[in-house]
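Got the viewer open? Here is a short tour of what to select, stop by stop.

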Amino acid sequence: MRFRFWLLIGVMIACYVLPWVINPGVSLTLGGYDLGEWTSLHEAVRGEQPPLLTSFLLRLPLALIAMLVGMQPHPPARSPGGEGAKRLASPPNPLSHGRGDDKQPHSLTPSPKGEGVHRWLLPVLVILLITVALLPPLEILDYPNDPNYQQQALVAGIALVGGFIGVSGIVRRVDSGLRVGISVAGTAAVLIGLSKAYQLMQGFNLPVSVGLGGVLLAALFASVAVITMIGFWTGRRIE
């Protein structure tokens, strides 16, 4: 499960980098991040209410990926009522007579002290890398009131705080609902932001087409929402 999860995250990040809009001019074949930066220079975007809404929608999906990383699926807890207890309660195997055959499964063996650290090390590292990628340039120190730089800092803060809240486990009870909400927000942000940017580029009378990056990322966000809801309701029926 962990391999599939990290494969999904890797593909989502790749889709964010892949072209969202394609133009014969190479400099205007842009991925999600570059498209957000390009729109932030447009006067119409700076005059939006709220300001730079299009740029925010294009930058937000990467921060939402960081939040999904923080709420990665966890293995079932080894509690007294868990799988290990069920094995203990099951009747003995009549075919086991040797000393080694009647030992309890290793699932009840306490995990090493460092196991938790290793399990969270990769998510924390990925969240930090995404946060650094979203940070504004150092020019923010000279122009702290620039709305574009402020927005970049805001989105980076969303990635860092949201990702670390997920890693902390304090939202474990509602992580399914949050995962659905994040995925729905990601789908909407990609589609709306891409649509707005596409219209802006058309305003320059440029031959432009939609790339696969944004479309695939929106589909992946939607898939996460659907799969999470199916898993949640299926789990409730089993219980």
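Some vocabulary: buried means under 20% relative accessible area, exposed means over 50%, and partly exposed is in between (1.4 Å probe, protein chains only). This is a predicted model, where local features need pLDDT of at least 70, side-chain atom pairs count only at pLDDT 80 or more, and totals for chains, interfaces and linings use all residues. Residues are numbered from 1 along each chain as its sequence is written, and side-chain values use heavy atoms, with hydrogens and water left out.

Select Phe-204 to begin. Phe-204 sits in the loop between helix 8 and strand 2 (209-210); helices (H or I, at least four residues) and strands (E, at least two) are DSSP runs, numbered from the N terminus. Is Phe-204 buried or exposed? At a relative accessible area of 46%, Phe-204 counts as partly exposed. Leaving aside residues up to four places away in sequence, Phe-204 touches Trp-38 and His-42 (contact means heavy atoms within 4.5 Å).

Now pick helix 1 and helix 4. Their axes (lines fitted to C-alpha atoms, for helices over the stretch in contact, with angles from 0 to 180 degrees between N-to-C directions) come within 11 Å and cross at roughly 170 degrees. The two helices are therefore roughly antiparallel, the label for angles over 145 degrees. Show the contact residues, including Phe-5, Trp-6 and Ile-9 of helix 1 and Leu-58, Arg-59 and Pro-61 of helix 4.

Last stop: the largest nonpolar core, with 48 residues. Such a core is a set of buried Ala, Val, Leu, Ile, Met, Phe, Trp, Tyr and Cys residues joined through side-chain atoms within 4.5 Å. Try Trp-20 and Ile-65, which are among the members touching the most others. Helix 4 gives the largest share, 11 residues.

Methods:
Angles under 35 degrees count as roughly parallel, over 145 as roughly antiparallel, 65 to 115 as roughly perpendicular and the rest as oblique.
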